[in-house]
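The exercises below ask you to read a model closely, one feature at a time. Try each task before you turn to its solution.

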Amino acid sequence: MSQDKAVTLDQLELIFQDTFTENTYAFSVNTTRDDIEEWDSLSHIRLLTAIEANFGVQFDLDEIGNMTDVATIVNLLHEKLV
Amino acid sequence: MYDLPWLLAPPDDFNERCAQLKYHKTPADEVHALAKYALSINQSNRLYQAIRKLNANTRSLLAHTLTPFKLGIVSNATMDLMIPSFVMAAIRNGVDLELITTDFGQVAQEAFDPDSKLNQSKPDAVLVALDYRAYPFFGDQSVASVQITPSEKALNYLQQIRESFKQKGGMICIVQTLACPPYEFSGNFDVQLDGILRKSLTEFNRALVDDIKNSPDVLLDVAAIVNMVGACHWFDDRQWYLSRVPMANTYVPLYAEYLTKLIAALRGKSKKCLVLDLDNTLWGGVIGDDGLEGIQIGQGHPVGESFLAVQQWAKTLKDLGVLLAVCSKNDKDIASEAFQRHSGMLLKKNDFAVFVANWEDKASNIRYIAETLNIGLDAIVFVDDNPAEREIIRTMLPEISVPELPKDPSQFLRILCAARYFEKIDFTDDDAQRNAQYSSNVRRQEIQKSAASLDDYLVSLEMHISFAPFDEFGRKRIVQLINKTNQFNLTTRRYTEAEVLQFENNEQSVTLQVHLQDKFGDNGMISVLICKVYKDRWEIETWLMSCRVIKRRVEDAVCDELVARARKSGVSRLRGFYRPTEKNGLVKEHYRRLGFECVGSSDTEDVWDLVVDRYQIKNPPIKVTKSSVTA
């Protein structure tokens, strides 16, 4: 994994900690929606808002639909931030 | 403004403090401290969840520090996401908000079905959270009737909903104006084109404002909020299409703050007094160092104009009934001279009800201001450019609202305005005259010093009192007094305008509104009573009086009147109640002083009885100009 992605992953971990109040999962690039019980449609919107605000990006409709695991989010952010 | 810049940003250990909440020594205080920050939706959610995990006992301790309000919500959009933000913003504004949500889009069902969730649970108010998408603005114009425009159709629909909630559940509605989304069809001409959204919304909002004026319902002016932040920012079509969220999530905290400010205002919790620092708050520079010519205030200078705008704001607030005060570390004569002699100064010294310039600490001075004006600390907003002074006041007097300010004075005005401390739900004659009444009070206090005895003083005031049952002319002021009065208030029962209307029309209620005049001016309506009629007795459910007329034996005159009226109705007994709150210790012995006998006492209520025939008439030096007994 490149340096850039590692930085993004660290920031993303903080956003996940902020969004999900329960600490019952191990955050990694492999984390998916299935690993986090709290990750429902409502918290998905909060997660999305927090990521967009933190990185100053905007996701399109397709991207939002696909953002169901950390790896995808990291890749999308990487595309937008380079 | 989405990040509520008048509030402090949450500290770095916010999440940790939420996690530790249940181990905190005084969790209710900690919740108040945490809710005061500018919370994002994630942070509101975290604190909300942490509060839910507290045990029932601790939660009721927290509720005890707040004013309860039950709010029903109907909407054409998804509101679930906003609930934690609503509840946290409510705590910030002193309200314990209980929410009754309904399923998305169930507006008509909830309104028209008498057995619906809201009509059955009868909350204090229903938030009718509808935006333009809830109404038939995009109907087929070719088949539309020429008789009825889209805005009329929409308004009729909303009127039916409001009327139905009123009739079936006795609730008032909080109704939204409609913000115009950033859609254009023919540019500048849209506002003139029949059937086009911009024109329809403009007509709708204007008609709604007129309609609300003559009803007990209140307006949440969403169009004004969107006007402030901008439609391209407010509306996020992605979120609407994906999950029916009506506005960009980033604006949920702002919407929650303004909604709960309105609810707090319905419960009389708007601020009453604006306390202002002087140097670098009302003018640029330091008068003690820079001198009269050195400070910047007035036209022709960017810094001077920035401060002039702040003065203009304060002056307008004063005209709307907000009390102004100065609290400044300054030499009093030098500070006064600035107001008297500087030509750029808009505010004058007599615009301030209290003027404190000295070298004492500001916390003591603000306490003194509150005592002089006879208002609670929680009714005060303190504006100071100095972060250290702000921090001291926040720590010493946490009840006081202290807005954050940036360094640049050109930004002061918009931040102070956006904080919406002085939310109003009506404008009464009393508001218009408040400052005059308070300055008359200062003159009355001066006479009191020279008068030989209290009774001499009262005689010299030449007081005239008049009594009447509730009526439509007094209604707004009655509602205001019921919801604002904290100190001279025996039971602190709060009622909405709809409920007051019921007392007015109900044969089982005896009501009194009391007006007082003296040689210094008209004090307006200063006391309100509501009695419930039983076969052999009247129970005084509400007895309250404005603090301005305390210690003038007005309550004696009121009691004489009430007893006379009871006698005339053939009632043999009056029963009064005292329900202690944090603020009404003043009237704990009220009924004893009037000659009532205590017949029961518990932590939550003392019960007092008076046998009407044994009442000794008080006859204070107040002339009765109109009695409700002969009426």
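**Exercise 1. Examine the helix α2(A) and what follows it.**

Begin at the end of the helix: just after α2(A), A:Gly56 takes a positive phi of about 65 degrees. The name α2(A) rests on a convention in which helices (H or I, at least four residues) and strands (E, at least two) are DSSP runs, numbered from the N terminus. Before going further, note that this is a predicted model, in which local features need pLDDT of at least 70, side-chain atom pairs count only at pLDDT 80 or more, and totals for chains, interfaces and linings use all residues. Residues are numbered from 1 along each chain as its sequence is written, while chains are lettered from A and ligands numbered from 1 in the order in which they are written.

Next, take the length: α2(A) has 15 residues and reaches 21 Å from its first C-alpha to its last, close to the expected 21 Å, where the expected span is 1.5 Å times one less than the number of residues.

Finally, look at burial, where a residue is buried if 20 or more other C-beta atoms lie within 10 Å of its own, exposed if 12 or fewer, and partly exposed in between, with C-beta atoms placed from the backbone. The buried residues in α2(A) include A:Ile45, A:Leu47, A:Leu48 and A:Ile51, and A:Arg46 is also buried.

**Exercise 2. Describe chain A as a whole.**

First, count the elements: chain A has four helices and zero strands, and from the N terminus on they run α-α-α-α. Then consider the extent of the chain, whose C-alpha atoms fill a box of roughly 30 × 25 × 20 Å along the principal axes. Of the 82 residues of chain A, 18% count as buried.

**Exercise 3. Find which parts of chain A touch chain B.**

Start with the totals: twelve residues of chain A are in contact with 15 residues of chain B, a contact being two residues whose C-beta atoms, placed from the backbone, lie within 7 Å. The elements of chain A that give two or more residues to this side are α1 (3-19), α2 (41-55) and α3 (61-66). The largest share, seven residues, comes from α2(A). As a measure of confidence, the predictor gives the complex an ipTM of 0.86 and a pTM of 0.78.

**Exercise 4. Decide whether B:Leu529, B:Leu4 and B:Lys551 are buried or exposed.**

Take B:Leu529 to begin with, which lies in strand β12 (residues 521-533) of chain B. Because 23 other C-beta atoms lie within 10 Å, B:Leu529 is buried. Among the residues that B:Leu529 touches, not counting those up to four places away in sequence, are B:Leu512, B:Ile540, B:Trp543 and B:Leu562. The C-alpha atoms of B:Leu529 and B:Leu544, 15 residues apart along the chain, are separated by 6.7 Å.

Turn now to B:Leu4, found in the segment before α1 (14-19) of chain B. B:Leu4 is buried because it has 22 other C-beta atoms within 10 Å, and its phi is near 45 degrees, a positive value in a residue other than glycine.

Last comes B:Lys551, in the loop between β13 (537-545) and α24 (554-568) of chain B. B:Lys551 has 11 C-beta neighbours inside 10 Å and therefore counts as exposed, and B:Lys551 has a positive phi of about 65 degrees although it is not a glycine.
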